[in-house]
Amino acid sequence: MTHSFARRQALRGLAVAALASSSLLSAAHADTPAVLRVSAIPDEAPTELQRKFKPLGEYLSQATGMKVVFTPVSDYAAVVESLATKKLDLAWLGGFTYVQAKIRTNGTAIPIVQRAEDAVFTSKFITADPAIKTLADLKGKTFAFGAPSSTSGSLMPRFFLQQDGLNPEKDFKTVAYSGAHDATVAFVAAGKAEAGVLNTSVWDKLVESKKVDTSKVELVRNFVCEA
């Protein structure tokens with residue numbers, strides 16, 4: 001077995017482990033608190049996270065009879081650490097962050113629910129450069145991932161690129177991390193990166209709400225992987 005093949009197999013195994021638990025609601029073992037502290041990976045703008053949390057918060061409050069508080073975090077790692085140190089009771093995670101939380105909490109982060117749509121995992125590579133038509137055209141270009149611990153914005157796209165024979169650190173001019181899926185679109189639209197990658201559901205939502213000009217920012221390639 002070659003070194004590159006071993007690395008590819010290891011990455012594949014990690015991706016499957018993450019995808020099997022994609023977008024889970026996880027909880028650390030703790031006594032029932034007076035206030036239920038909930039958070040989520042900051043994969044979109046804070047205002048959007050708050051908007052999406054509102055119906056969930058109302059449901060949890062009715063179901064538990066507890067006061068439910070959404071606690072924003074600065075980055076993906078902060079969610080994992082907050083679960084591990086019991087500063088949070090529930091958190092909405094991606095596949096990769098769930099695996100990290102499982103390890104960081106010595107197995108006490110428990111998956112509760114997974115959305116039906118997360119059984120099929122997708123990432124979209126986008127660009128505002130009309131000369132970029134395929135992944136091979138990304139060589140020598142500036143590129144933006146989402147957050148380093150994002151499953152659909154970093155982990156799996158790196159695997160997809162590797163399958164196409166591309167090493168971001170060696171083949172791209174520069175590699176940046178926008179921090180969130182919608183921020184990646186903003187990076188590409190503003191010319192901060194010539195191409196980028198993000199979660200398909202966020203891209204579709206931005207397109208439907210006309211928050212991205214698809215005459216300027218276009219799809220390069222779509223990847224689908226069944227969990």
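**Exercise 1.** Which backbone oxygen does the side chain of Ser 178 reach, and at what distance?

*Solution.* The structure is a predicted model.
Step 1. Locate the residue: Ser 178 belongs to the loop between strand 8 and helix 7 (181–190).
Step 2. Identify the partner: the side chain of Ser 178 reaches the backbone oxygen of Ala 180 at 2.8 Å.
Step 3. Assign the burial class: a relative accessible area of 15% is under 20%, so Ser 178 is buried.
Step 4. List the surroundings: with residues up to four places away in sequence not counted, Ser 178 touches Phe 145, Gly 146, Ala 183, Thr 184 and Phe 187.

**Exercise 2.** Determine where Ser 150 is placed and which backbone nitrogen lies 2.8 Å from a polar atom of its side chain.

*Solution.*
Step 1. Ser 150 is found in the loop between strand 7 and helix 5.
Step 2. Its relative accessible area is 2%, under the limit of 20%, and therefore Ser 150 is buried.
Step 3. A polar atom of the Ser 150 side chain lies 2.8 Å from the backbone nitrogen of Gly 153.
Step 4. Once neighbours within four places in sequence are left aside, Ser 150 is in contact with Tyr 76, Leu 155 and His 181.
Step 5. Gly 153 can also be related to the serine of Exercise 1: the C-alpha atoms of Ser 178 and Gly 153 are 9.6 Å apart, and the two residues are 25 apart in sequence.

**Exercise 3.** Classify the ring pairs Phe 53 with Phe 70 and Phe 143 with Phe 172 as stacked, tilted or edge-to-face.

*Solution.* A pair of aromatic rings is described by the distance of the centres and the angle of the planes.
Step 1. The model holds 6 aromatic pairs.
Step 2. For Phe 53 and Phe 70, the centres are 4.9 Å apart and the planes stand at 40°; this angle is neither under 30 degrees nor over 60, so the pair is tilted.
Step 3. This pair links distant parts of the chain, with Phe 53 in helix 2 (residues 46–64) and Phe 70 in strand 3 (residues 67–70), 17 residues apart. Both Phe 53 and Phe 70 are buried.
Step 4. Phe 143 and Phe 172 are likewise tilted, at 4.9 Å centre to centre and 35° between the planes.
Step 5. Here 29 residues separate the partners: Phe 143 is in strand 7 (residues 142–145), and Phe 172 is in the loop between helix 6 (168–171) and strand 8 (174–177). Phe 143 and Phe 172 are both buried.
Step 6. Ring pairs gather Phe 125, Phe 143, Phe 145, Phe 172 and Tyr 177 into a cluster.

**Exercise 4.** Establish how many residues the largest nonpolar core has and which helix gives the most to it.

*Solution.*
Step 1. The largest nonpolar core has 17 residues.
Step 2. Those with the most contacts inside this core are Phe 125, Leu 135, Leu 138, Phe 143, Phe 160 and Leu 161.
Step 3. At least two residues each come from strand 6 (120–127), strand 7, helix 5 (151–163), strand 9 (195–199) and strand 10 (218–226).
Step 4. Helix 5 gives the most, with 4 residues.
Step 5. Leu 135 illustrates the packing: beyond neighbours within four places in sequence, Leu 135 is in contact with Phe 125, Leu 161, Asp 164, Leu 166, Val 220, Arg 221 and Phe 223.
Step 6. Another core, of 14 residues, lies apart from the largest one, and its members include Ile 41, Val 79, Val 80 and Tyr 98.

**Exercise 5.** Explain why the salt bridge of Glu 44 and Lys 205 ties together parts that are distant in sequence.

*Solution.* Side chains of opposite charge can pair when their charged atoms come close.
Step 1. There are 9 salt bridges in the model.
Step 2. Glu 44 and Lys 205 meet through their side chains at 2.8 Å, N to O.
Step 3. Glu 44 lies in the loop between strand 2 (35–40) and helix 2, whereas Lys 205 lies in helix 8 (residues 200–208); the pair therefore ties together parts 161 residues apart in sequence.
Step 4. Glu 44 counts as buried at 6% relative accessibility, while Lys 205, at 26%, counts as partly exposed.
Step 5. As a local counterpart, Glu 48 and Arg 51 form a salt bridge at 2.6 Å, N to O. These two are 3 residues apart in helix 2 and so are separated by about one helical turn.
Step 6. Salt bridges with shared partners join Glu 44, Glu 48, Arg 51, Lys 52 and Lys 205 into one network.

Conventions. Residues numbered from 1 in each chain as written. Predicted model: local features only at pLDDT ≥ 70, side-chain atom pairs only at ≥ 80, totals over all residues. Heavy atoms only, no water. Phe/Tyr/Trp six-rings, centres within 6.5 Å; stacked < 30°, edge-to-face > 60°. Buried < 20%, exposed > 50% of the residue type's maximum accessible area, 1.4 Å probe, protein only. Core = buried A, V, L, I, M, F, W, Y, C linked by side-chain atoms within 4.5 Å. Contact = heavy atoms within 4.5 Å. Salt bridge = Lys/Arg side-chain N within 4 Å of Asp/Glu carboxyl O. Polar contact = N/O pair within 3.5 Å; in protein donor to acceptor, adjacent residues only side chain to side chain.
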